[in-house]
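Colleague: Got a minute to walk me through this one? I'd like to start with how a couple of helices pack.

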Amino acid sequence: MNALSTPTAPPATRTPAATNTPPAVRTSAARTAPAVTIPANTPPAVPTSAAAGTGPGAGQQPLFAPYTSLGDYTRAVAGGRGPLPVFTGPRTDLLDGIALAEEVYSGLRTPEPCDTGVVAGGPLPAALNALIRPLARHWVDDPHDLPDTGSVLLVGVYADLRADAVQHTLDAAHATGRPLSLLTGRDVHSLSWMAAKQYARVTPDAPVGVLSELDTAAPAPQADVWLGAADVHRLDVRQIALGQVWRRVLFHGNGKDDQLNLGQFTLCGASPAAAAPGMPGPRCAYGLGCTKPQDKLIPARGIRAAELVLANCFSGALAGHAMYDPKYLILLNALDGPAQTVVATLTACDGQRPENLAWLTATADAGSAAVAMNRQLHDINPYPAFVQAGLQSSGLGPSRPHSPADTHTRTADAFESSGPLNSLNSPGSSGSSGISGLSGPGTAGGAREGSADPHEDVPGDGTGNGIGNGEEGAAAPYPPLHRLGARLSGLLDSGLLGPDYPLRPRLRALADTVLRDAVRTVARSAPDAGPALAAIAAETKSLDLALAHRFAKHHDDPVLAFPTYFGERSTAGTPVALDTPCACGRPLRSYRRHGRVPAIADTVQTVCARCGDVANAHTGAVELRVKAPAEAAAGSTLHVVVEAVAPRDGTLNLGIVLPLYLDARVGPVLRRVDAVAGRRAHAEFTLDLAPRATPQAYYFCPFAVQDLGVSVSRVHFTVLPRP
């Protein structure tokens, strides 16, 4: 990666700013340019906070001035007076964001710089470097030259901030809790716009909001506006989101790198101006419209906020890691809008209410909102999930005290009683993310670090009488009782399965049998233990098959929700690097999730920085690897090879689960394979894609069942238009 050394400011020749402000920027006839005092080491175009002007709300000149010509932009930067220059070039779409920003910001500020900055990629215009230079105290030439301490600023257009090149920097900052910010955009014009926004100060008294499709708990008093899971399904979320200037606002829901779902509504990443896509895109890329009605789309670039959080999986995937073309990436769309700070996710993320609250209560002392959220998330996702684009927002200040007597949290009741716009513009009354994306083939339960259970190593009495725990190595004909009992407890006593689950009576009967025959008078007596364990093994094998049949027929079987259900009730161990790479070629890391209470079975999750969590499994379950093409055309057949490594000899039940919205058929429905412990067993499947299958990104989930241990991988692929 080419890197640029310390940016150099252009000569400080004070030339008056060019006056080519387009009509799209809202102006006032009464505005006059404020006098600006330029302190030492500050670029001429950046006034200090002491001399900061005020925005349109105070009758002053515009805060931002767009320039189509690089020469005019350069002269404006060197001039040192007037609005903050933005090099828009031919990007007329940026004028919309500039116009909205005039409503978000009321003055200028001197942002707190990062300790060290580095510019990635080719040279940037000298005038743009002049605006970027004050955003870090010290500059280095390459990410590998970054010091071990202090906050970090990575600068570059989106295509130059390639994820594989900066992943080490992201990991190192996360491991030490160091704030790391990106300054980026889809091109140099978006980057110029992001740089200018860093010097703006949000309008006073703008509210803080949380809009969540997944949070079902009571509103938090730190939020001025709160919409929970029930609210987003009955209110006009679009009008609420777009009809207000926000100091800080967080959107929380399921989604991908192009969208964030909020009930019937979708926060959309499609750019109206970006070039025609060169990579796959969502269905709208092929002229098929959106999965949601057009009037339910909320353009991310239209959110009038100083700080915007996109709390869904893959919302901030960097170059080389995104599934879709940059034209559709929600992060880039948001950066084209008014927000000076956008917090998004690099990969799969299990962030929920704890992370929302961590964001709400974050102050400038945290270093960045992303640091506060990652710190809270570490017990379930021990890797850098959230990333911050932009420096600390001007909306992130010292926390203010709240009490039931003075809080003005505007909830759904306020919106419903007086209408979204009326409630948002006046104080209201005080009121009352599903399975993460598993993307890409990989190894399930690959790293067995810390997975050895002392109970499973209990030997017999050394005389050949009895068989201890029912485990005599990989070739033993019986499942280990302790592990089997733990899995039964997880299925029956954790709340994962409802009382009407069809297999519950058989599972309960097996659990009672295991508990009865675990008594030492049976387990330590060979004549009695053999028949008892054989009966347990036979029923376990039958239940394995019954579960596999249910998975093949019911994509929403609750057992398949174990990664999220158990994961939310577990704490993650330290990730361990695996020797086997992901199918995409990138490294894999695996960690064990320990149940917080005995009824929560331990699981193993394997993650790839690009593909997210590629595998989830019960501890000690079958390891899966999947081989399949990354793309297939509608009407064609996708060939899938599943390789399974069993922990002990026995029968494996293998299959594939498809999402409901994928128009395809799996053949065969199920395969049963006799496996030898430690050796790869192969099974082949076909996915016959319907001719009318909608072109977009999909996934399929290979699974394996043995000894009631379940392994599930999620493999992403793209359906292309039919030739």
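Colleague: How do α2 and α5 sit, by axis distance and crossing angle?

Modeller: In this predicted model, the axes of α2 (residues 94-104) and α5 (residues 188-197) come within 11 Å and cross at roughly 10°. That makes the two roughly parallel, a label for angles under 35 degrees. Axes are lines fitted to C-alpha atoms over the stretch in contact, with angles from 0 to 180 degrees between N-to-C directions. Helices are DSSP runs of H or I with at least four residues, strands E runs of at least two, numbered from the N terminus.

Colleague: Which residues meet there?

Modeller: L94, G97, I98 and A101 of α2 meet H189, S190 and W193 of α5, contact being heavy atoms within 4.5 Å. They split into 4 nonpolar, 3 polar and no charged; Gly counts as polar here.

Colleague: Switching to sheets: what's the strand order in the open one with 4 strands?

Modeller: β13-β14-β15-β16, with mixed pairing. β13 (255-256) and β16 (297-299) are at the edges with a single partner strand each, so one side of each lacks a neighbour in the sheet. Pairing needs at least two DSSP bridges; β14 (residues 259-262) and β15 (residues 265-268) have 4, in the antiparallel sense.

Colleague: And T718, buried or exposed?

Modeller: T718, in strand β34 (residues 715-720), counts as buried because its relative accessibility is 6%; the cut-off for buried is under 20%, with a 1.4 Å probe and protein chains only. Leaving out residues up to four places away in sequence, T718 touches P280, A630, E631, A632, Q696 and A697.

Colleague: Any ground rules?

Modeller: Numbering runs from 1 along each chain as its sequence is written, and side-chain values use heavy atoms, without hydrogens or water. Local features need pLDDT of at least 70 and side-chain atom pairs 80 or more, while totals for chains, interfaces and linings use all residues.

How values were computed: Angles under 35 degrees count as roughly parallel, over 145 as roughly antiparallel, 65 to 115 as roughly perpendicular and the rest as oblique. Buried means under 20% relative accessible area, exposed over 50%, partly exposed in between (1.4 Å probe, protein chains only).
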